[in-house]
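I opened my notebook with a friendly plan: pick a residue, look around it, and work outwards. Here is what I looked up.

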Amino acid sequence: INPNAQLGENVTVESFSTIYEDVIIGDGSVIGPNVTIYPGARIGKNVQIYPGAVISAIPQDLKFQGEYTTTEIGDNTIIRECVTIHRGTEDQLKTSIGKNCLLMCYVHIGHDCTIGNNVVIANSTGISGHVVIEDWAIVEGMCGIQQFVRIGTHAFVAGMTSVRKNVPPFIRVAREPLTYAGVNAIGLRRRGLTDDKLKLIEDIYRNLFILNNSISSGVKSIETEIPDSPEKTMVLNFIKESKKGIIKGPL
């Protein structure tokens, strides 16, 4: 443990782990054996990091010139065996993981990614640089997520899929190429959404993906035929801000 690292109260560091300078670890966190934490790591309270994880390594970006950047990990997040998280570049200056997340074994999170709160990412998923995954999203195992992709809040991405386009909020996506597979009703009910809200969201995506033959006509249909609501505004704003484009409806 480098003398310039800052460890809070009741932090556990197990055998053969290495903590470099310019690392901050919050109270109650547990660093398992054979963990490597490089400079620039900012780890919250009650974080659990399992054996073999590597936190805040320099990015795999050939444009990186050694600029000062960080990796931020929120409170109560669990990082399982052999997860790798790279710090940011001059683009965002940091890679950030929110609170209460679960990153399962062998997950890789590239530079400048922003992962929200309560996100679950399953085993062996690779997330390229500059990806945004919003609160409560779930990504199943062995997925590959292309750089600059955005995955919306409460979305569910099926395992062993390639994510090349943005995934709007509240939906399930699957297959190859990745397509709409329905609203994430189970997840939304678990998080307290009412049946009325679920029907509204289903109507939004029925207009977007089922009843119209293009995204632009689907958006116009939503704007004119669906009652105003926070969910409608969220979906429309997501689509309008998606320069990379969004996933398609069922083939």
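**Notes on the core and the helices**

I began with Ile-37 and, skipping its neighbours within four places in sequence, found it in contact (heavy atoms within 4.5 Å) with Thr-18, Ile-19, Tyr-20, Val-23, Ile-25, Ile-31, Ile-43, Ile-49 and Ile-55. A word on ground rules: this is a predicted model, where local features need pLDDT of at least 70, side-chain atom pairs count only at pLDDT 80 or more, and totals for chains, interfaces and linings use all residues. Residues are numbered from 1 along each chain as its sequence is written, and side-chain values use heavy atoms, with hydrogens and water left out.

Next I looked up the largest nonpolar core (buried Ala, Val, Leu, Ile, Met, Phe, Trp, Tyr and Cys residues joined through side-chain atoms within 4.5 Å; buried means under 20% relative accessible area, exposed over 50%, partly exposed in between, with a 1.4 Å probe and protein chains only). It has 64 residues, and those touching the most other members are Ile-37, Ile-49, Ile-109, Ile-121, Ile-133, Ile-151 and Tyr-205. Helices and strands here are DSSP runs numbered from the N terminus (H or I, at least four residues; E, at least two). Among the elements that each supply at least two core residues are β7 (41-43), β25 (171-174) and α1 (185-190). The most comes from α2, with 7 residues.

Then I turned to α4 (230-240). Its buried residues are Glu-231, Lys-232, Val-235, Leu-236, Phe-238 and Ile-239. They fall within an arc of 160° seen down the axis, so they line one face of the helix; the arc is taken from the directions from the helix axis to the C-beta atoms. Exposed Pro-230 and Lys-240 sit on the face turned away. The cover over the buried residues includes β22 (150-151), α2 and α3.

What is buried in α3? I noted Gly-218, Val-219, Ser-221 and Ile-222. Exposed Lys-220 and Thr-224 are on the face of α3 turned away from its buried side, while α2 and α4 are included in what covers that side's buried residues.

Last, the rings. I counted 4 aromatic pairs (Phe, Tyr or Trp rings, six-membered for Trp, with centres within 6.5 Å; planes under 30 degrees apart are stacked, over 60 edge-to-face, the rest tilted). Tyr-180 and Phe-209 are stacked, at 4.8 Å centre to centre and 25° between the planes. Tyr-180 is in β26 (residues 179-183) and Phe-209 in α2 (residues 195-210), so the pair ties together parts 29 residues apart in sequence. Ring pairs link Tyr-180, Tyr-205 and Phe-209 into a cluster.
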